[in-house]
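The following briefing accompanies the sequence and the three-dimensional structure shown below. Its points are grouped by topic and are intended to be read alongside the display.

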2 protein chains.
Amino acid sequence: MFMQNEISSVIVYERHSVTSRRPGPVSRGRLSDIPSPLLPERYYWDSKLRIPTADYQEVLEDDKAALAWLLALRRVGIVYLKGAPAQQGQVSRLAKRIGYLRLTFYGHTWQVQDKPMANNVAYTSGKLSQHTDYPALHFAPGVQFLHCINQAVEGGESEVVDGFHAAEQLQREDPEAFSTLSSLHVDFTDTGTDYCDFMLQSKKCIIDVDAEGRVARINYNNATRDSVLDLPLHQVQPFYRALRSYVDVMNRPENVVTYRMEPGDLVTFDNWRLLHGRRSYVSNPGRLRHLEGAYLDWDEVMSRLRILRRKVHGDA
Amino acid sequence: MFMQNEISSVIVYERHSVTSRRPGPVSRGRLSDIPSPLLPERYYWDSKLRIPTADYQEVLEDDKAALAWLLALRRVGIVYLKGAPAQQGQVSRLAKRIGYLRLTFYGHTWQVQDKPMANNVAYTSGKLSQHTDYPALHFAPGVQFLHCINQAVEGGESEVVDGFHAAEQLQREDPEAFSTLSSLHVDFTDTGTDYCDFMLQSKKCIIDVDAEGRVARINYNNATRDSVLDLPLHQVQPFYRALRSYVDVMNRPENVVTYRMEPGDLVTFDNWRLLHGRRSYVSNPGRLRHLEGAYLDWDEVMSRLRILRRKVHGDA
């Protein structure tokens with residue numbers, strides 16, 4: 001369990017970890033990457049997590065701060081940045097610090113507001129139960145940025161859960177449910193118009209595991225899970241029972257971290273790992289609650305992390 | 001084996017196939033997608049393929065032509081478009097016909113030319129052996145567009161192979177090699193500067209198979225396969241032997257389709273399935289050979305295919 005909010009000690013740990021576990025002299029003639037087994041290990045957390053926090057301007061300007069940010073994003077799955085200007089454009093600036101953002105059918109960046117004729121439940125004032133974003137894409141965005149420009153006067157608190165930790169609990173407490181959710185493919189769908197018209201369909205396991213059986217990605221969004229359940233009859237009840245079991249684990253108060261974004265706060269998190277939600281809020285048409293969001297992918301984030309590590313530590 | 005270059009009969013087949021295999025009345029209240037088992041099946045091909053060909057302007061302007069293009073792209077894996085203006089910007093126009101292109105570290109679109117201090121082997125006049133693009137990204141681009149603006153006077157012919165067909169041949173003739181290439185993860189790497197600086201590392205199987213063991217994606221580019229082979233000693237020789245065996249199959253003359261792009265030709269192909277290469281050419285500094293390329297992903301292509309199918313056939 002990792003409960004740490006001082007990003008400087010995240011990096012100290014990382015340097016030690018990398019140094020002590022590095023193999024012998026590297027024989028290749030060019031700058032080498034630290035092999036993935038030596039990547040920062042993930043630290044699973046629960047409601048007692050103090051979210052790692054850094055300064056937005058420092059991350060933009062200082063390589064050490066940017067490296068610490070990305071290492072903590074990889075290891076803890078969520079990092080909070082404070083001190084961004086409370087105006088649009090900050091998620092794009094932060095994406096440029098890495099490389100580029102990922103365009104989707106919701107645009108380069110997207111405005112989370114209470115909108116008339118909303119094309120997505122996020123664009124209402126309603127509660128959003130725990131979910132990952134965009135499982136209707138076969139390759140869901142790896143990283144999400146959300147920047148608070150205006151907060152509601154009442155409600156609108158954010159909630160996050162470590163989906164890997166919850167999946168590990170499920171595997172221990174209800175192995176049959178874990179096995180069901182990591183083997184049955186269910187459909188996700190998203191149809192509408194935004195950046196342009198779209199009609200997405202995907203088939204996903206709720207819990208993706210890698211070749212070694214380790215949890216690799218969570219795909220869960222009940223708002224876009226298809227109304228058609230394309231499973232043989234004998235798997236229908238086991239699937240719903242298993243999903244209920246996982247949702248019950250993720251909603252346990254001891255697993256949920258709640259925070260309230262204020263204007264200028266910008267949260268960055270691992271969308272393959274974290275589930276996130278929002279409490280309903282009272283909409284004020286004169287001063288709309290307003291978050292701006294953007295997506296990136298892990299390949300680009302890890303690329304920047306490698307470059308920063310070389311710059312900061314000079315490790316070739 | 002599918003040897004067909006009249007795109008109109010591709011769509012006739014598709015309509016029949018979809019109609020005859022459609023399940024009973026659809027109960028959901030909204031426009032439904034045809035479930036993925038009813039997608040056009042893939043047709044494997046060899047050197048006798050006549051590449052399906054359509055008119056660039058028609059695909060841009062006519063929904064039926066665009067639908068036939070995308071169905072053939074899915075089924076055959078390659079479609080040739082003729083009659084594009086021989087100037088930059090056409091791959092972007094064609095991407096907008098679908099939705100949007102995929103930005104990578106090589107930019108929104110990229111210029112394949114003989115460049116001084118090339119940061120990629122494609123940007124020379126040398127031969128390119130059969131490869132898929134960008135396995136250094138964990139999620140390699142699904143679809144590639146290449147538009148010929150200038151061709152070399154001598155050399156520069158294009159070569160393509162159906163990687164799924166070659167993998168099927170390998171599985172039949174050398175099952176041990178197939179099993180090795182679909183289970184061992186090897187490293188790919190790409191470091192340099194283009195759209196911005198990058199330092200990519202990935203671990204991939206050369207042949208990805210799905211949960212049912214069917215070939216789902218080829219990841220092979222010897223120019224970006226890492227010089228470090230991160231395998232236990234006893235797997236090193238079996239891996240090289242297996243790779244050699246697959247490369248021998250893909251290079252058999254009876255598997256290779258050769259064509260020569262002329263200015264205004266635009267080829268679109270499935271980068272998860274096809275291997276492509278280029279013969280060396282004589283570089284003429286006064287009139288450089290010039291292709292413009294762009295990437296897209298299958299989720300966006302399939303989204304447009306569903307929308308076009310609804311428009312053209314009115315199937316809800």
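Helix 3 of chain B covers residues 63-75, and its 13 residues, at 1.5 Å a residue, should span 18 Å; the end C-alpha atoms are 18 Å apart, so expectation and model agree. The expected figure uses 1.5 Å times one less than the number of residues. The model is a predicted one, and the values quoted here are computed from it.

**Helix 3 of chain B**

- This helix is mostly covered, with eleven of its 13 residues buried.
- The buried residues of helix 3 of chain B include the aromatic residue Trp69(B) as well as Leu67(B), Leu70(B), Leu71(B) and Leu73(B).
- Also buried in helix 3 of chain B are Ala65(B), Ala66(B), Ala68(B) and Ala72(B), together with Arg74(B) and Arg75(B).
- At the start of the helix, the backbone nitrogen of Lys64(B) has a side-chain oxygen of Asp62(B) within 3.2 Å.
- After the helix comes Gly77(B), which has a positive phi, near 95°.

**Thr180(A) and its surroundings**

- Thr180(A) lies in helix 6 of chain A, which comprises residues 175-181.
- Is Thr180(A) buried or exposed? Its relative accessibility is 13%, so Thr180(A) counts as buried, the cut-off for burial being under 20%.
- With residues up to four places away in sequence left out, Thr180(A) touches Pro238(A), Phe239(A) and Ala242(A).

**Chain A as a whole**

- Chain A contains eight helices and 14 strands.
- Of its 316 residues, 59% count as buried.
- Among the contacts in chain A with a separation of 6 or more, 82% are between residues 24 or more positions apart.
- The area exposed by chain A is about 12900 Å², of which carbon and sulfur atoms supply 51%.

**Relation between the chains**

- A turn of 180° and a shift of 0.0 Å along the axis lay chain A on chain B with an RMSD of 0.0 Å. This is the relation of a two-fold axis.
- Which residue of chain A comes closest to the rotation axis? It is Phe139(A), whose C-alpha is at 3.7 Å.
- The two copies meet through the same surface, because 100% of the interface residues of chain A are also interface residues in chain B.

Technical notes: Residues are numbered from 1 along each chain as its sequence is written. Chains are lettered from A and ligands numbered from 1 in the order in which they are written. This is a predicted model: local features need pLDDT of at least 70, side-chain atom pairs count only at pLDDT 80 or more; totals for chains, interfaces and linings use all residues. Side-chain values use heavy atoms; hydrogens and water are left out. Copies are superposed by least squares on the C-alpha atoms of residues with pLDDT of at least 70 in both. Contact means heavy atoms within 4.5 Å. Helices (H or I, at least four residues) and strands (E, at least two) are DSSP runs, numbered from the N terminus. Buried means under 20% relative accessible area, exposed over 50%, partly exposed in between (1.4 Å probe, protein chains only). A polar contact is a pair of N or O atoms within 3.5 Å; within protein, one must be able to donate a hydrogen and the other to accept it, and residues adjacent in sequence count only if both atoms are side-chain atoms. Accessible areas come from the Shrake-Rupley method with a 1.4 Å probe; for residues, only the protein chains shown count as cover.
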